[in-house]
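Me: I should like to learn how to read the features of a protein model. May we look at one together?

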Amino acid sequence: MERQQRFMSEKDEYQFQHQGAVELLVFNFLLILTILTIWLFKNHRFRFLHETGGAMVYGLIMGLILRYATAPTDIESGTVYDCGKLSFSPSTLLVNITDQVYEYKYKREISQHNINSHQGNAILEKMTFDPEIFFNVLLPPIIFHAGYSLKKRHFFQNLGSILTYAFLGTAISCIVIGLITYGFVKAMIYAGQLKNGDFHFTDCLFFGSLMSATDPVTVLAIFHELHVDPDLYTLLFGESVLNDAVAIVLTYSISIYSPKENPNAFDAAAFFQSVGNFLGIFAGSFAMGSAYAVITALLTKFTKLCEFPMLETGLFFLLSWSAFLSAEAAGLTGIVAVLFCGVTQAHYTYNNLSSDSKMRTKQLFEFMNFLAENVIFCYMGLALFTFQNHIFNALFILGAFLAIFVARACNIYPLSFLLNLGRKQKIPWNFQHMMMFSGLRGAIAFALAIRNTESQPKQMMFTTTLLLVFFTVWVFGGGTTPMLTWLQIRVGVDLDENLKEEPSSHQGANNLDKGTTKADSAQLFRMWYGFDHKYLKPILTHSGPPLTTTLPEWCGPISRLLTSPQAYGEQLKEDDAECIVNQDELAMNYQEQAPSPCSPPARLGLDQKASPQAPSKENIYEGDLGLGGYELKLEQTPGQSQLN
Amino acid sequence: MDEEIVSEKQAEESHRQDSANLLIFILLLTLTILTIWLFKHRRARFLHETGLAMIYGLLVGLVLRYGIHVPSDVNNVTLSCEVQSSPTTLLVNVSGKFYEYTLKGEISSHELNNVQDNEMLRKVTFDPEVFFNILLPPIIFYAGYSLKRRHFFRNLGSILAYAFLGTAISCFVIGSIMYGCVTLMKVTGQLAGDFYFTDCLLFGAIVSATDPVTVLAIFHELQVDVELYALLFGESVLNDAVAIVLSSSIVAYQPAGDNSHTFDVTAMFKSIGIFLGIFSGSFAMGAATGVVTALVTKFTKLREFQLLETGLFFLMSWSTFLLAEAWGFTGVVAVLFCGITQAHYTYNNLSTESQHRTKQLFELLNFLAENFIFSYMGLTLFTFQNHVFNPTFVVGAFIAIFLGRAANIYPLSLLLNLGRRSKIGSNFQHMMMFAGLRGAMAFALAIRDTATYARQMMFSTTLLIVFFTVWVFGGGTTAMLSCLHIRVGVDSDQEHLGVPENERRTTKAESAWLFRIWYNFDHNYLKPLLTHSGPPLTTTLPACCGPIARCLTSPQAYENQEQLKDDDSDLILNDGDISLTYGDSTVNTESATSSAPRRFMGNSSEDALDRELAFGDHELVIRGTRLVLPMDDSEPPLNLLDNTRHGPA
């Protein structure tokens, strides 16, 4: 009899688990559909809808079906139990239900306000993820991939401008959006749509910071496909990546800003605490991320792990993941740590990997990025219908739309003006317009908004964010191609041609040309490059000049120990050292080929192998393999001649 | 406001704790990778990475158990509520605040008494379903996906016999011996709970799942006779599937009447019916999604975008699992057959880059999941709190698994040798007997339910069996191979190239009649229908289906029809796999012209060998270049090669 009962409950559990399978299946199905549609679009070269946009459309349709076509089965889970004797909320609860003890796990606190709306459609309830999933599972690969593929030629050249846009720009944008929405909130209170005292100024700032995270993945994909000017590409990409990090930390700092008495009043102590918090978390996450990457670089340098590409890839993956987990465990922001980990991995570790592992890691993270991104956008579409506590407020939405445009303008135009004062190579007007136009909102804004939907203002923000994401992705994303032509921005810029010209011009035009480019980058960055090239690169990778030459005499033994044998046998190094100052990326590529830790013939083999395929492979351009593609293309011409 | 912050803090704290716990595992894996590299570098073969992962797990478990003691906060409160059922979410009103609780599981009253007092140990214990839903699927899929070996189809009959009949025999033998053991324990009064015959049978089913990953890795490295490799690998993969379904049908054995532990014919037949139903259902599900993927990749030009292609492949394979679970079948079994189908058909439609990508992706997933499970095994010896170690039972179980394995291998080999032309040598039989390691699958099945006393005892015993077999048998493989005089360093290429024409004919006659029909059908209809290779359907189908055939045949099929097809169709009868490779190379998805240079540069690109382009290598070999690599790799063939190349340096 007891057995019978147990069997029954096992059945129950089975049912429970199946439900989970069905939900995942729905997402899988949506993604498959998206992939097929996107293929069709790509095949016919429709550029007005990116895959993320497509995923949103399918998500919307599925949400619509789930919302209105399924019967709202009632669930008893909405019933409230009074447990007077409990004076706190334990993390696990054992409930004795008719002699069977069940274990319940603490999930969250529910505000009074939500209790009623909580009872509803079980299926909708089931289709709602725990928002923390975004931060712990889906966003890290996206962000890591962004960092890992950030290593583009022009990134370091424009580092100063990118940092300005990312830090200063995000702060400006946050404050401007906060102010404008606060104005609208006041208007709403005046119009009686909102109770006074619900929506504080800090809430507005919170909204501003989460809305500041731009995510122009759609635009960038089109840029990539059309080979838009690489300077513009780098500016946009770098800004969007870094400003995600800034926005996340900023949001967190604002949310912990809690003045002592009146929550609406300005409190200097609390304010400085928030600022300190921001700086602390950002610096801590940065340190954590780069520390792990440095460890990985050292491990891959001093072991011969490259003989086993699978182990190497595994190590790379695990250590990058550790960066995330350590940061989370230490109370920092994992996503920011992962971003900087990715950047550092690309800068140092990547050079130590075997060519096979380079491909593998690139492809692995590209793949994970692709899946995670589409899942998020799909979920966004779904959430419009399945989320049960939407608050649509026309005035607020209008205000938000206005605010993000004004804020984007306040971010781009004044900063570009300031930057142009210092830049040799100005950021022209059409670039500025394009950057203004590319202020799309995406996954990060959504994830930040959905993280907390407890109170009414937060729900209103979530709803508005969702609409903003839809609008910007579809309208701006779809309008990129016309915008490019309208602004007369160069497309079809062949990176290689640029590249091929440049080395020759280096040799031809000599030091004069070099000198000017060098002077371009600010003093600070020059120092960093010098340091990086002379000390960090040789310590962490197989490339760069041997440490024995760069370090002072007295550290001779240490430097001999740390220098890899490959570093000595380099001839092109002298030449490189010049290059690295202004064209960091270019130099790296050159280096990669020579000191590849695995046997040189193997590498050669790969290049030869790849070259005959390169002409037929248009997709190299499509894929985001920043470097892979670049490298292949370098070899393209000799390969072709070989073919003929 | 303040309280809200407090509860947020609490949630944050628990999140941190979770991150730290996961970090422990990740660092364990990192450590394992580094040590394994050292071992491989020094060519120490006595310890496989999985064995090492277990050792590290044990160490960390020891530290967690005795080094750290985190007293749990008072979080186990038993409430009595007047509810009839157990809702999935519960809202509790605690002094004016509402909290949401989600159902985690049912707790037996037995477990209630020894409430786990160490919070840390509680935290590092995973929900057992994690194994079935997250960790096992990639392992099993990868096994299926890399099963596509030359010798697998040749030995299909033997492999199926070992997997199905053998597992059943082993299950019953172990069950009976254990029942004897349990009765003995009852007499001596060592038994502190119920232990029925069905429990014994369940134990038999659980430990029948062999997992000789350690042995196979060594075989691969040493290039042991391919025939033996194929037999062992095929058996171990299929018998996992059989063991899962078998154990779930034994659990479902519910005799009618009062005494639930007597023999009941109807209930037994019901169980058998369940077994067959689940097995065939999962098989059909897996094969169906494989076929759908093949069709999609064939009829779309998805291969121009490798990322999309890989994404589709991954999602479809995952859907198989979810679909099967949602339907009430066994996801892991479905995934296995999906993997086999994908390898047989879809793989040929993928672009070369996607072929690498999918291989590498699943290889990585397999590697991570496997080592994770093994290190968790080590950890759980100390962190699991309800171990029941009973010496009699443990000794009985050890004897039982040896006898069970012997009763599986020797009689079946005898029977099979009656029908086989190339006999399974007695040294092969001994080796197969020896390679009866237990691994991830047995562990996952055992940990799934540890509610009752009997189950807990089974779990502890399984754990010990896994440790013992992996360390002792795994470590002794090299010694055993030399002791049994099994050929190592067999160059499968030479062997193959040396096979003269007339011998091929005889091999053809050897394979059973049934399989010949299947091969023909597969080659003439399924292959052309689902892939770009094989003869065009227009020639194989009767004339009346002309229009359909034309519409289903890919343009590539016509082009390469005249080339090697005729000669191929012969080959396929005895060597299913070889002809596939021919198909692959000629019908290469990028236009036929590109295949020529590719082949040409094969010679120079040593680095192609470094990957495990299962068929890439094979192809290279056939082209007549003399290369010293195993042709039926897919597991890292690089080990040996690389060692020879880089070892001295």
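The dialogue below goes from a whole chain to one helix and then to one residue.

Reply: Please note at the outset that this model is predicted.

Me: How many helices and strands are there in chain B?

Reply: Chain B contains 31 helices and three strands.

Me: What share of the residues of chain B counts as buried?

Reply: A residue counts as buried when its relative accessible area is under 20%. In chain B, 61% of the 649 residues meet this description. The accessible surface of the chain is about 24200 Å², and carbon and sulfur atoms provide 65% of that area.

Me: What share of the contacts in chain B joins residues 24 or more positions apart?

Reply: Among contacts with a separation of 6 or more, such pairs make up 80% in chain B.

Me: How many residues of helix α9 of chain B are buried?

Reply: In general, residues three or four places apart in an α-helix point the same way, because there are 3.6 residues a turn. In α9(B), residues 213–222, 10 of 10 residues are buried. Among them are Phe219(B), His220(B) and Glu221(B). After this helix comes Gln223(B), with a positive phi near 55°.

Me: Which side chain of opposite charge is nearest to Glu51(A)?

Reply: That side chain is Lys42(A), 4.2 Å away. A salt bridge requires a distance within 4 Å, and Glu51(A), although buried, has none. Glu51(A) belongs to helix α2 of chain A, residues 51–69. Beyond its neighbours within four places in sequence, its contacts include Thr34(A), Ile38(A) and Phe370(A).

Conventions. Residues numbered from 1 in each chain as written. Chains lettered and ligands numbered in written order. Predicted model: local features only at pLDDT ≥ 70, side-chain atom pairs only at ≥ 80, totals over all residues. Heavy atoms only, no water. Helix = DSSP H or I, 4+ residues; strand = E, 2+ residues; numbered from the N terminus. Buried < 20%, exposed > 50% of the residue type's maximum accessible area, 1.4 Å probe, protein only. Contact = heavy atoms within 4.5 Å. Areas by Shrake-Rupley, 256 points an atom, 1.4 Å probe, with all protein chains shown as cover. Lys, Arg positive; Asp, Glu negative; His and termini not counted.
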